[in-house]
Amino acid sequence: MYCIKCGVELADSEDRCPLCGTTVYHPDIEKPNAEPLFPDNPPEPHYTVTRWGGLFILTSLFLLGLTMPLICDLSMNGGVTWSGVVMGAIGLAYVITVLPFWFKSPNPVVFVPIDFAACGLFLFYLNLCTGGNWFLKFALPTVGMVCVITTAVITLCRYLRRGYLFIFGGATILSGISVLVMEWLLNQTFGLHNKLVWSIYPFAAAILIGLLLLIIAVSPKLRASLQKKFFV
Amino acid sequence: MKKRQLRWMKLDNAAKLYPAAKRRDWSNIFRLSVTLDEEIRPPLLQAALDSVIPRFPSIAVRVRRAMFWYYLEEIPRAPVVIPDHSYPLTHMPFDDILQCAFRVLYYKNRIAVEFFHAIADGNSGIIFLKTLAAEYLRLSSHIEIPCTQGVFDITEPPREEELADDFPKFSGRVKKSRSEETSFQLKGTPEENSFRNLLIAEIDAGEVLALARSHGATLTEFMVAVMISSFLELQEERVPESRRRPVKVLVPVNLRRLFPSVTLRNFVLYCMPGVDPQLGKYELDEIIKETHYQMSLDISAKKMASRIYANVKMEQMKVVRILPLFIKNFFMKLVYDLTGEKKSCITMSNLGVVKVPDEMEPHIERFGFTLGVQHTSPNNCGMISYGGKLYIEMIRSIKEPVLEQKFLLKLRDMGLHIKVESNYSHDQEVNSE
């Protein structure tokens, strides 16, 4: 067969012309079956440092970071005092940055709530250490709120794969409301003010941005016009 | 039983750069292949390889590190032959090169050998491949093949002159090197997962030779000129006039044709014909003339000897010799990265006509010669002739076959009949611009 565009003869193994991509087709000639030039046998990917090797090194470094403050604290104070906070922070950093990579395809829908749970635990430990009573009244509802909003956004983005403007518009409005709730909780827990003071501003901004996103989402004409003005 | 003492040898002058220039995802390799008239049987190929490697102690080697230099050490047993991959010249990691600096692959009727360039050049590689193919045919078809036309007698011990680094031997007495300008570099969309696209064009060698002669050039000069013309057009389409760079093609020169050498180590230098578009617009006939005269002037024993002297002198400097390997590596890599690949647009290597003993001929369909791409320049081109056909093997690490289009369609426009074959146009889109 010949490529009708390039005029070069094509080997029987070619489905398209390798020069121009034109498909090989002739209504009267049946394309003969021929072996491809190379087999379908991609080489094994080569890593100088394997994923597991890298994770092992990172985990070892984190473990070193955990034990060093513990040893110092035990030798200086004879017990766990400040080192608990340091170890908790290092543990939290490990859960957030390294733990997901032990899995082949970590699902953020699972790991984001786990991260927030670890964060909650760390705050609970801080609450116990400092003898405070702010965990149940302030930290838990705040972390819970942020966790629910973040997880909802990630889940919807991952499984719907459309309607991003609705998702982010709604999430921005919810974030604005959560800032209001956060200030109210702060006031209730620590007795700062009797009314809402600073949270009004982020709330107003979030509502405006959120509504704008929702308006863009429901108006195809506006979307097209914005796309024309701001394409990259 | 007393363990056999493994032979070791210093890297030859040209090879010294290759281990230093390596990268985590790239090393300088090339491939030679032979297609037989029967499907390859891996156990027989392994047996043939086992028998052949003692005859080639400078090729059946691994690269090793010493305090001041790399060196080659004979391998005690042949590497295991492996099935071919989806594309030629898959990455050969340096860890593998430290174990064995070549690999033997098979697919259907084809035997291929991929060499790390520090151990051999195309001419010694083709001798190794022909000897391997002859041994395979002896085992599979029980035919008697005489040891002529580059097929070595594997029962003979290797000769010392085959293992010698002939660069110092044929070095001149004065240094002659010329500085080269940076040339135009073709860019494109890199292929995913280091895939290499290979396009093989088959042309009647007699037709090309007649065409080249009608233009007053040799086949290599003619092809190089057409390649330069293709690059000039590509640059015209992509680069504004004031920023256009010279277009040069790196052409390896087999020094065995200029000097009485039978070495199986590297013994090649290069010449770099080209034109500068800033001087004006070039027609193809002008380019052919330029290429012909530049190559004729450069490729002479005396000029090459003076260039060998420049390289050998550098290697023999006491200050350089006592520098630890890692420092040498650092500087060689730096020099290579800053200059090495940027001086030419492409490498075009013509291995010439491959001849085999008459007894082998009915069993051999064709030979192949593929150069690996450089790390930064995405295209390379190897040429080899066998059985009255010229095979042009164009490899690229980018998606767009723009250079292949320009080059081959120019040849088609000159009336040559071209047959093309590739490893990428079976089930994927061809990205052409």
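Which residue in E10(B) does Val251(B) stand opposite? The tour below comes to that pair after a few other stops. The model is predicted.

**Stop 1: where the chains meet**

Show chains A and B together. Here 32 residues of chain B are in contact with 26 residues of chain A. On the chain B side, select helix H12 (402-413) and strand E16 (418-422), each of which supplies at least two residues to the side that touches chain A. By class, this side of chain B has 12 nonpolar, 11 polar and nine charged residues.

Keep E16(B) selected and add strand E1 (residues 9-10) of chain A. These two strands run parallel and are joined by two bridges. To find one bridge, pick Leu10(A); its partner in E16(B) is Val420(B).

**Stop 2: two helices of chain A**

Hide chain B and select helix H4 (residues 135-160) and helix H5 (residues 164-190) of chain A. Their axes come within 10 Å and cross at roughly 180°. H4(A) is therefore roughly antiparallel to H5(A). Side chains to display from H4(A) include Phe138(A), Met145(A), Ile149(A) and Leu156(A), and those from H5(A) include Tyr164(A), Ile167(A), Leu174(A) and Leu185(A); these are among the residues that make the contact. Sorted by class, the contact between H4(A) and H5(A) has 16 nonpolar, five polar and one charged residues.

**Stop 3: two domains of chain B**

Bring chain B back and colour residues 8-163 as domain 1 and residues 192-422 as domain 2, following the domain assignment. The C-alpha centres of these two domains of chain B lie 22 Å apart. Their contact takes 55 residues from domain 1 and 46 residues from domain 2 of chain B.

Which elements should be selected on the domain 1 side? Helix H1 (17-21), E2 and helix H4 (122-141) of chain B each supply at least two residues of the side that touches domain 2. H4(B) gives the largest share, nine residues. The residues on this side of domain 1 of chain B divide into 30 nonpolar, 13 polar and 12 charged.

**Stop 4: a five-stranded sheet in chain B**

E2(B) also leads into a sheet. Select the strands in the order E5-E6-E7-E2-E13 of chain B: they form an open sheet of five strands with mixed pairing. Strand E5 (82-83) and strand E13 (364-371) of chain B stand at the edges with a single partner strand each, so one side of each has no neighbour in the sheet.

Now isolate E2(B), residues 29-36, and E13(B). They pair in the antiparallel sense over seven bridges. One of the residues to click is Leu32(B), whose bridge partner in E13(B) is Phe369(B).

**Stop 5: strand E9 of chain B and its partners**

Select strand E9 (residues 247-254) of chain B, then add its partners one at a time.

- Strand E11 (residues 274-275) of chain B runs antiparallel to E9(B), and two bridges join them. Val247(B) has Val275(B) as its bridge partner in E11(B).
- Strand E12 (residues 346-353) of chain B runs parallel to E9(B), again with two bridges. Here Leu250(B) is the bridge partner of Thr347(B) in E12(B).
- Strand E10 (residues 268-271) of chain B runs antiparallel to E9(B), with four bridges. This is where the opening question is settled: Val251(B) stands opposite Cys271(B) in E10(B).

Note on methods: Residues are numbered from 1 along each chain as its sequence is written. Chains are lettered from A and ligands numbered from 1 in the order in which they are written. This is a predicted model: local features need pLDDT of at least 70, side-chain atom pairs count only at pLDDT 80 or more; totals for chains, interfaces and linings use all residues. Two strands pair if DSSP finds at least two bridges between them. Axes are lines fitted to C-alpha atoms, for helices over the stretch in contact, and angles run from 0 to 180 degrees between N-to-C directions. Angles under 35 degrees count as roughly parallel, over 145 as roughly antiparallel, 65 to 115 as roughly perpendicular and the rest as oblique. Two residues are in contact if their C-beta atoms, placed from the backbone, lie within 7 Å. Ala, Val, Leu, Ile, Met, Phe, Trp, Tyr, Cys and Pro count as nonpolar, Asp, Glu, Lys and Arg as charged, and the others, Gly among them, as polar. Domain bounds come from an automatic or database domain assignment.
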